[in-house]
Amino acid sequence: MISLEDLKELFPKGREPILEALAKQSKKVFAEFDMDDRPNRLHFFLAQVAHESGGLSVIEENLKYSAKRMTEIWPSRFPTLASAEPFAGNPEALANKVYASRMGNGSPDSGDGWKYRGRGYIQITGRDGYRAIGNAIGVNLENDPDRASDPDDALRVACGFWKWKNINAACDEGDFLKVTRLVNGGTTGQADREAWLAKVRKVLKPAPATQPAKSAPPTKEEIRKVQQALRDRGFTSVTADGIIGPKTNAAIDKVRSDNGLKPGSIDADLKRVLKIS
């Protein structure tokens with residue numbers, strides 16, 4: 001559904017194994033989650049994924065922060081530099097601290113914060129989320145959370161998140177801001193998400209509608225035969241001269257209408273009705 005070339009244009013910083021896996025899986029997975037039949041669903045999904053994953057370059061949360069940065073991100077948890085210092089440069093301890101006792105996680109000592117840190121194209125976080133998304137796609141993510149960032153599973157996991165949050169409904173409303181709230185819980189990074197959406201729409205232009213193959217125009221001899229058959233049946237008095245004019249067209253329209261044929265001109269159906277070989 002989406003070529004590797006399209007993905008490379010969309011995500012120039014994307015990791016090669018991720019782009020290759022996504023291109024290979026996209027047709028089947030997007031069809032499975034009803035993402036393939038309405039452009040907003042696919043475009044909104046890719047734009048949100050792009051923001052959450054840094055253009056498919058980061059699929060596991062980076063929790064290696066300085067003490068100062070922690071006081072900016074989690075001011076209520078780290079009101080002073082001194083309170084943040086023990087967790088600086090220690091991603092596991094930080095995750096167990098900031099994600100403890102919420103989203104289905106246990107206490108800091110349980111290790112759930114680190115085990116269920118952000119992973120995948122949409123950075124799912126917390127035991128509850130891993131369990132719910134795993135149930136949605138038939139994979140036990142709660143017991144094997146690393147699968148959320150494995151390129152072999154990451155697209156289905158992200159689509160499972162989309163299904164869990166019922167985001168297709170917001171896509172069908174055309175409400176990209178609502179989609180952001182469902183993904184993020186707020187509107188953090190909305191400008192970047194909208195920039196990604198513009199790029200997605202530019203790269204993934206809608207395919208032109210398939211046009212039916214044009215049949216060859218009737219020969220002059222075929223037109224003469226049709227005109228003679230129309231004269232013989234009283235539909236017209238036009239001379240069988242092999243030239244289609246207004247009178248011939250009017251007679252053809254009458255025959256087609258009387259016989260339940262679709263509007264048209266000289267074709268196999270008309271010739272069948274007029275018994276022309």
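**Chatting about a helical protein**

Q: Hi! What radius of gyration does the protein have, next to a compact globule of 277 residues?
A: The protein has 31 Å, but a compact globule of 277 residues would be near 19 Å. That radius is taken over C-alpha atoms, and the globule rule is 2.2 Å times the number of residues to the power 0.38.

Q: Where do these numbers come from?
A: This is a predicted model, where local features need pLDDT of at least 70, side-chain atom pairs count only at pLDDT 80 or more, and totals for chains, interfaces and linings use all residues. Residues are numbered from 1 along each chain as its sequence is written, and side-chain values use heavy atoms, leaving out hydrogens and water.

Q: Cool. What box do the C-alpha atoms fill?
A: Roughly 100 × 35 × 30 Å, along the principal axes.

Q: How many helices and strands are there?
A: The protein has 15 helices and 0 strands. Both are DSSP runs numbered from the N terminus: helices are H or I with at least four residues, strands E with at least two.

Q: And which residues of α11 are buried?
A: In α11 (residues 176-184), they are F176, V179, T180 and V183. Buried means under 20% relative accessible area, with a 1.4 Å probe and protein chains only.

Q: Why do they line one face of the helix?
A: Seen down the axis of α11, the buried residues fall within an arc of 100 degrees, so they line one face. The arc uses directions from the helix axis to the C-beta atoms.

Q: What covers them?
A: The cover includes α3 (39-52), α9 (154-164), α10 (167-172) and α12 (190-203), judged by contact, meaning heavy atoms within 4.5 Å.

Definitions and conventions:
Buried means under 20% relative accessible area, exposed over 50%, partly exposed in between (1.4 Å probe, protein chains only).
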